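Load the model in your viewer and set it to cartoon, with side chains ready to switch on. The stops below say what to select next and what is there.

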Amino acid sequence: MVDFANRVAERFCERWPDRYLMILGHHQTIPPPMIAVHPNVMIKLACSPHGFVSFNRPLEDPAGNNWIFQRAVEGWAATGTPLAYYGYNPHSSFAHAPFSAGRRFHSDVRWLHRHGFVGAEFQGEGTLWGFYGLNHIVQARTMWDAEVDFDALQADYFRCLFGAAAEPVRALHDAFERALVTHEPMSRGLGGFLSSEVIDSGRELIREARDAETSVDVQGRLNVLGAQVAYGDRLMGARRTAETYHRTRDQESLKRLVRERDAIVDYIAANPVDGAYHLGGIGGQRGNINNFLLGHLWGVDKI
């Protein structure tokens, strides 16, 4: 791929000597090359979930397979190639369950800045907000100013969107992110960080927030958070069934898993909440849920 990019760069530099050709370091193309890279070629390194990153840990944490990504960054930097980054916010491998990672994304952008990256892009999706809103804001604001204070940024975000409910909503995000980043490193889907205790705590904090701020706008935003907690609860129940099937290969467990998968899709259809669900992705909502569950069903091609 680098040889091909070099030859393309030679051609277009005859006309545009001040431009760069960007190539993607993703899956098989993430390891640094063993040949020289044309000075007008730049690399966008993706934090691919399949072996190169732990979704729930900061990039600077070598836990899981993050060290592979760190080593790739060092190798590409040694070539003198300008570095850009492609990261994930929503992703089909965790079916868009509640994913609060504002502090982690703040750490990631600052780590990229320290390592000389000249740009970053985060995979997003236009209908998804709720737990993902803080992630979006932190990514954008920290790319604008790598020295931005996370606590102040988070406090401003919750104050503007949730008014008198800002404190329980902050506690909600902190609880979910703490559960996320302290879970075992995850590179094959979201894993089981959404325990029943975390879900119950989330529901209680949302109830506190509803009591604290009764305006229509804030109640609507709390509806998004509540729908994502309910969705995550159902998704984790199906995950536990998937684990049972993986362990026992019991056909009744597989049938129950199909019913639970379909019930999640039916629940979303019966409880439409704008901004709560990711309805696109690979294969639509059913496809996203399948991707998540199949991560725990080695040897099963489809549900």
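**Helix packing and one cavity**

H5 and H8 are oblique to each other, because the angle between them is about 120 degrees. The model is a predicted one, and the axes of H5 and H8 lie 9 Å apart. To see the contact, select Cys160, Leu161 and Phe162 on H5, then Val218, Arg221, Leu222 and Leu225 on H8. Colour this selection by class: six residues are nonpolar, none is polar and one is charged.

Keep H5 (residues 150-162) on screen and add H6 (residues 166-182). The axes of H5 and H6 come within 9 Å and cross at roughly 130 degrees. That angle falls between 115 and 145 degrees, so H5 and H6 count as oblique. The crossing of H5 and H6 is right-handed. On the H5 side, show Gln154, Phe158, Arg159 and Phe162; on the H6 side, show Ala166, Val169, Arg170, His173 and Asp174. By class, the contact of H5 with H6 holds four nonpolar, two polar and three charged residues. Phe162 is worth leaving labelled: Phe162 is part of the H5 contact with H6 and also of the H5 contact with H8.

Next, hide H6 and bring in H7 (residues 196-212) beside H8 (residues 216-248). How far apart are the axes of H7 and H8, and at what angle do the helices pack? The axes are 10 Å apart and the angle is about 165 degrees. An angle over 145 degrees counts as roughly antiparallel, so H7 and H8 fall in that class. Their crossing is left-handed. From H7, select Ile199, Arg203, Ile206, Ala209 and Arg210. From H8, select Gln219, Leu222, Asn223, Leu225, Gly226, Val229, Ala230, Gly232 and Asp233. The contact of H7 with H8 divides into seven nonpolar, four polar and three charged residues. Leu222 and Leu225 of H8 take part in this contact, and both also belong to the contact of H8 with H5.

The last stop is a cavity. How many cavities of 30 Å³ or more does a search of the whole structure find? The search finds one. The volume of the largest cavity is about 50 Å³. To display its lining, select Cys47, Val53, Ser54, Phe55, Arg57, Leu59, Tyr85, Tyr88, Arg104 and Asp108. Strand E3 (83-88) and helix H3 (102-114) each give at least two residues to this lining. Coloured by class, the lining shows six nonpolar residues, one polar and three charged.

Notes
Residues are numbered from 1 along each chain as its sequence is written. This is a predicted model: local features need pLDDT of at least 70, side-chain atom pairs count only at pLDDT 80 or more; totals for chains, interfaces and linings use all residues. Side-chain values use heavy atoms; hydrogens and water are left out. On a 1 Å grid over the protein atoms alone, a cavity is a set of points where a 1.4 Å probe fits but cannot get out, and a pocket is an open set with protein on both sides within 12 Å along at least five of seven lines; lining residues have an atom within 4 Å of a point. Grid points are joined across faces, edges and corners, and a volume is the space filled by probe spheres set on the points. Helices (H or I, at least four residues) and strands (E, at least two) are DSSP runs, numbered from the N terminus. Ala, Val, Leu, Ile, Met, Phe, Trp, Tyr, Cys and Pro count as nonpolar, Asp, Glu, Lys and Arg as charged, and the others, Gly among them, as polar. Axes are lines fitted to C-alpha atoms, for helices over the stretch in contact, and angles run from 0 to 180 degrees between N-to-C directions. Angles under 35 degrees count as roughly parallel, over 145 as roughly antiparallel, 65 to 115 as roughly perpendicular and the rest as oblique. A crossing is left-handed if the near helix is turned anticlockwise from the far one by less than a right angle, and right-handed if clockwise. Contact means heavy atoms within 4.5 Å.
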